[in-house]
Structures are given as structure tokens and as C-alpha cells.
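Got the viewer open? Here is a short tour, one selection at a time.

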Amino acid sequence: AKGEEFEDISLDEIFTEDESDRAQDASDSDGFLSEDSSYPHVAKSQNEIHLEDNSDVMSLSVHNSELHEELAVQKKKLNRLKEKDPEFAKFLATYEKGVEMFHDEMMGSDEDETSNPSMQLVDEDSSVMKKGKVTNAVINSWCELVKKDSESALVSLLNVYRAACHYGTESIGVPETASCQIIQNSETFCSILMFMLCEVDNIFRGLLKISSSSCKKEVILGLKNTSKWKSLKPLIKSYLRSTLFLLNQVTDSEILAFSLSRLRASIIFFAAFPSLLHRLIKVTVHLWASADGVLSSCSFLVIQNVAVVFTSDFFDICLRRTYMAYIVHSKVVDSINTKHVQFLRNSFVELCSVDVHKSCTKALLSIQKLYNILKQALRTKNKEGLDGQKMHECFGSQMNLALQGSHALLFIVYVQEAMKKICSWQYINCIDLWVMFISANVRDYELHHIFYLIIQLINGVACLFPGPRYFPLRKKCIQWLNHLSNSSGIFIPVSSLVLDVLEYKMAKEGGKPGKICNFSSVLKLPKHWLKSRNFQEECVVSAVELLSVHFSQWSYHISFPEVATIPLIFLRKFHEIATTENQRRMVKRLIDQMEQNIEFVQKKRDEVAFSPNEHQSVESFLQLEKCSLNAPFTQYYRSVMQKAFSWNLDANGIKSSLEHKKTKRKRGLLSKKVVNESVNSETETQR
């Protein structure tokens with residue numbers, strides 16, 4: 001327990017990938033499929049792959065170019081050595097033959113895979129053939145033959161497709177016995193990619209007699225012992241490998257998004273190739289977290305499909321990898337990446353909903369880690385922690401004063417580090433993540449054990465940073481509590497936290513306006529901003545907004561008069577001491593609405609005949625009025641939220657009065673639509 005004060009707790013510790021995951025990320029390299037040498041149009045063997053007129057095709061990376069140049073130099077030296085020493089050349093030929101046989105054996109294996117002799121990745125008996133070009137006409141003829149169930153044409157297409165996907169990565173070093181293609185131009189390149197990505201899934205399904213709507217892994221596992229599967233397995237594997245390789249080479253977001261959407265259609269084929277499935281998860285998680293827009297969405301859909309189709313261990317892998325990626329990308333939040341971080345959070349919550357029970361276990365462990373960090377900070381923040389008694393408890397009775405002094409210095413440093421860790425975007429976004437997960441599932445699943453734990457955590461964070469500089473962080477805490485209360489239907493007292501904001505020392509009327517600050521991208525305010533008039537305005541506006549949200553959830557509840565009594569007392573006091581007319585006007589309007597609602601509920605309550613112990617009758621109190629959404633306080637809440645929406649737009653970039661006038665009408669209509677949708681969804685949730 002003594003060392004617990006100084007324990008360094010990592011937020012991603014419970015989701016760290018294990019060695020088994022890392023080992024399975026590595027997969028054997030691709031190889032060409034053997035082709036029927038008598039088949040027309042089959043392109044011939046050569047040592048290098050050329051793609052002519054490739055201005056529209058992906059450029060070769062600098063790193064790969066350097067490697068290829070170095071390999072070319074080494075190959076020339078080796079050729080000169082072979083010419084000078086015939087005995088060495090003979091030995092090298094024998095050695096290469098053994099290596100080639102081993103390479104062929106490895107390329108044809110995957111877990112329990114046994115290759116079909118007619119479909120070996122390298123045809124050892126084939127002779128060195130002449131060069132040939134693959135034109136667009138050849139590709140079209142192959143495509144027509146493939147549609148007529150020609151497996152030989154399909155093999156040729158797969159080889160050309162592999163060459164296209166690997167372009168720029170192996171200009172030399174291709175096995176001499178492999179069937180390589182010369183793709184004539186960019187038009188041919190696009191034709192082969194489009195045909196394979198669009199059609200090959202339907203082709204494989206047709207050959208295996210699998211329905212186009214089938215997405216169960218058991219379908220593939222049931223075919224593993226059939227002769228048809230054994231003959232097609234190398235072809236399917238070649239397609240999946242090549243497409244995965246393409247995802248790691250292409251940088252164009254549209255090509256990546258399209259490729260992912262087609263891989264998603266073929267997701268069930270990964271059931272036979274676990275190592276390739278690990279690679280798919282790895283690359284899609286990377287694209288989900290680092291890309292944006294359509295590409296990020298397509299990546300998540302693939303991850304979600306993997307979690308749904310393969311469940312069990314692969315759901316755990318998806319959950320672990322997405323959480324780790326979220327942690328990394330949520331360390332910094334600004335006005336630019338706020339929406340992307342929110343997208344990552346929402347999509348992770350959606351992934352957790354695939355298996356809520358497993359996700360709940362991970363959530364509990366993560367929240368406990370967050371709570372332990374907070375507990376350490378609360379212990380060490382107290383100034384009494386540095387007196388003799390506390391030092392004695394922390395470091396033992398055998399320490400001398402000098403040692404205590406050195407530990408006291410370390411203790412102070414640790415306090416600062418603990419506070420810094422909590423007031424960081426990574427810590428805050430972790431809380432935000434689990435708040436959204438709990439809110440999305442608390443009514444459908446038994447989550448109360450983590451529900452109450454995260455409420456304690458949020459209250460602890462709010463109390464740890466009470467000063468005005470941490471107002472944005474405190475506001476987030478209150479918003480979380482309001483969201484949890486609304487989604488669960490459980491009363492969470494937040495009035496005291498909100499009213500503390502009104503007790504901040506305000507500057508006198510006439511202070512400098514200051515700049516509009518976007519509170520969504522900061523956790524701690526600069527000192528000079530606290531004296532600005534905008535900060536005063538923001539505090540009062542936020543307090544009114546947060547109280548309106550809180551009271552709107554309980555404005556139809558039979559206990560509303562008691563809930564609102566103490567906050568009303570504080571609001572009346574603040575109204576008397578408010579420094580500006582605008583502040584007094586906002587607070588006075590809230591007071592009036594609360595008083596009207598108290599009278600409304602009190603009047604309805606006096607008319608009922610049931611007692612407070614009749615819970616069913618209490619819960620049904622004013623439900624008809626609640627559905628109508630026409631009560632005075634509900635209308636007031638809508639107007640407050642519309643103003644808050646406009647205020648947030650101003651903070652996010654509308655600065656000049658001219659821009660403000662041009663967008664005023666548009667923003668008014670937009671804010672009304674957003675608020676109406678929000679109020680309606682909240683009402684549906686509370687029902």
C-alpha cells in the first residue's frame with residue numbers, strides 16, 4: 001500500500017496486445033498461381049514486371065526504390081562472380097533449386113492447408129517461356145471466359161491482378177519460374193483492378209454454390225473438405241492476399257474505400273485464413289483511426305463485420321485494437337480533429353454493442369484504472385500529505401529527515417504528474433468513451449455496477465479541479481452526468497456543481513470583451529482570459545444551459561418542487577449580485593420558468609389521490625402532458641438550446657458581424673431543427 005501512492009498506471013494497460021496477436025500478424029508472402037501453358041493468351045515468364053504508361057498508377061516509394069537499386073547492384077556482382085568461377089555457379093544453381101522447392105512448399109501452406117497439385121503456386125515443370133504483353137483486349141477476353149466458369153482464365157486474371165497489386169515492390173527478384181505479366185498501360189491496369197474487385201466475389205460464390213447474401217463463416221468451414229474448395233482455395237487466398245497488399249500500398253482514399261467495400265463483401269472467405277484475417281483487422285483499424293470521411297467509415301464497417309461474423313476471439317481482437325487506436329488518436333483534441341475523435345468514439349461504442357457483456361468487462365477494468373489514477377491524485381493533492389504524519393505513513397518510521405525531504409520533493413513532482421495525467425485529453429476522452437457506451441446500453445442491459453462507478457469517477461474529477469481555470473473540464477463533467485441521467489432515467493444531482501460556477505469571482509462590469517473561446521477544444525483556460533467579459537458571459541450562459549437540461553429531465557416528475565427548491569434559493573441570491581444586466585435577465589428568466597413549473601406540478605399533484613409509496617402511479621404522473629411537449633418549461637428549454645447552438649457556432653469560427661448577419665437566418669433554422677430533434681429523442685428515451 002505504501003508504494004501504491006507512486007504507482008504509474010497506464011490507460012491502455014488492459015488492452016495491450018499479447019504476443020499471440022503479434023505472431024499472427026505475420027503472414028507468408030504471395031505467389032503466382034500456375035497457368036495452363038497451352039491456354040491461349042496466357043502471358044509468358046520473365047524476370048521483371050513492367051507497367052507502361054503508368055502516370056495514373058501509384059508511384060514507387062523512395063524506400064523501396066533504394067532497396068531495389070541496392071539489390072540490382074548485388075545481383076550484377078553475383079553474375080560477374082558466376083562468370084569467373086563456373087564451380088561456384090554450379091553450386092549456386094543447386095542451392096537455388098533447394099531454396100525454390102522450400103519456397104514453393106511454404107507458399108502453398110496456411111494452417112492445415114494442403115495444396116491441390118494442379119494449382120501449385122509455382123509450376124516447377126514449366127519451361128522458360130517467351131515474353132508477352134497483356135492488353136486491354138486480352139483482359140476483356142479473359143473476363144468473358146471467366147464469366148463462363150473458366151478456371152484457367154481466372155488463374156491468369158489472378159496472376160495479373162497480383163502483379164498490379166504488387167507493382168513497385170518487386171521490380172527484381174521475382175522467381176524465374178513464376179508466370180509474370182507485362183501490363184501494357186494504365187487503362188489495362190484499371191480494367192483488371194475493377195473487374196477483380198467488382199466480380200471475383202460473385203465468381204467464387206458461384207463456383208462454390210454459395211448464396212450472395214450468405215455471411216456466415218460456418219458456410220465456408222463446411223466446405224473445407226470438399227474437392228471443389230480444395231481446388232479453389234489457392235485462388236481465393238491469392239485474391240485476398242493481393243487485395244490486402246494493395247491496401248498497404250495505395251494512398252488514394254477512393255481506391256482504398258472501394259477496395260475495402262469489396263473485401264467486406266468477401267468477408268466470409270477469411271474464415272479459412274486466420275492469418276489473413278489478422279492482417280485485415282490490422283490494416284482496417286489503422287485506416288479507421290488515421291483516415292477520415294468515407295474511408296474511415298468503410299474501414300469501420302469492415303471491422304464491425306469481422307466482429308459480427310467471427311465473434312469470440314476476433315471480437316476481442318477488434319475491440320482491443322480499436323481501443324488502442326482511439327487512445328493514441330485522442331491524446332490531442334483541437335477545433336480541427338474534434339469531429340473525427342467523436343466519430344472514433346461513436347463507432348467504438350457501436351462496436352461494443354455487438355457483444356455488450358464482453359465489452360462491459362473491459363469497460364469495468366478500464367474505469368477502475370481511471371478511478372485508481374483519480375484516487376492517487378486525490379490522496380496526493382491534499383497539502384496535509386506533506387506533513388510529518390503523512391510522510392511517516394507513506395515512507396515508514398525508519399527514515400531520517402533528509403530522506404523525508406528528498407521524498408517530499410518527489411511527492412510534489414508526483415502530485416503534479418498525477419494532476420496533469422487527469423487533466424489531459426486522453427484521460428477525459430476515455431471517460432467520454434465509457435459514458436457514451438453506458439448511456440447507449442444502460443436501459444437494455446444490467447450495467448448499474450459500472451453506472452454508479454463512473455458517476456463517482458466524474459464527481460471526483462469535478463471536485464479535483466474546482467477553480468475557474470478548469471471551467472471547461474467541469475462543464476464536461478456536468479454534461480456527462482446530465483447525459484447519464486437522461487439515458488438511464490435515474491436522478492443524478494448536478495445542481496451544486498453548476499451553482500459553484502456562478503460563485504467564480506467575476507470581473508466588474510465594463511471589462512474587456514476578449515476573444516470568443518471554443519470550450520470544446522480546451523480543458524484549462526489561460527489566466528488572462530478569466531478577467532474578460534466573455535468568460536463571465538460564458539459562465540452564466542453555461543450555468544443556465546446546464547440547469548435547463550437538468551430540470552427539463554424532471555420537469556414532469558412529481559418531485560420537481562422539492563428538486564428545484566434549493567437551486568432557486570441560490571439563483572435568487574446570484575440575481576441580486578449579478579454585475580451585468582444581461583446576466584440578471586438570463587437568470588431571472590430561468591427563475592420565472594422554474595417557479596411556473598413548480599406551480600404547475602404542485603397543482604397537478606394536489607389533484608391526485610395516490611400516495612408517494614405507489615411507485616407505478618408516481619411514474620405515470622403527467623405522462624400525457626410529457627408526450628405533448630407543450631409545457632412552458634419544455635418551450636423554454638428549446639429556446640435555451642437554440643441560443644446555445646448559435647453560441648457554439650460563433651465559437652467555432654463565425655467572427656465578423658457581417659458573417660454573423662449573413663448566417664443568422666440560416667443558423668436559426670438549423671438550430672431549431674437540431675434542438676427539436678434533440679428534445680424529441682430525449683422524450684423517447686425517458687419514456
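We start with the whole chain, then go to one methionine, then to the cysteines.

A word on ground rules: this is a predicted model, where local features need pLDDT of at least 70, side-chain atom pairs count only at pLDDT 80 or more, and totals for chains, interfaces and linings use all residues. Residues are numbered from 1 along each chain as its sequence is written, and side-chain values use heavy atoms, with hydrogens and water left out.

**Whole chain.** Color by secondary structure and you get 27 helices and two strands (DSSP runs numbered from the N terminus: H or I of at least four residues for helices, E of at least two for strands). Of the 687 residues, 49% are buried, meaning under 20% relative accessible area with a 1.4 Å probe, protein chains only.

**Methionine 196.** Select helix 6, residues 186-208, and find methionine 196 there. Its relative accessible area is 0%, so methionine 196 counts as buried. What does methionine 196 touch, leaving out residues up to four places away in sequence? The contacts (heavy atoms within 4.5 Å) are Leu157, Leu158, Tyr161 and Tyr239. Now draw a C-alpha to C-alpha distance from methionine 196 to tyrosine 239: 8.4 Å in space, for 43 residues in sequence.

**Cysteines.** Looking for disulfides, that is, pairs of cysteine sulfur atoms within 2.5 Å? The count is zero. Pick cysteine 423: the nearest cysteine sulfur belongs to cysteine 477, 9.8 Å away. Cysteine 423 is buried, at a relative accessible area of 19%. Last stop, cysteine 298: this one is buried too, with 17%.

How values were computed. Disulfide = S-S within 2.5 Å. Buried < 20%, exposed > 50% of the residue type's maximum accessible area, 1.4 Å probe, protein only.
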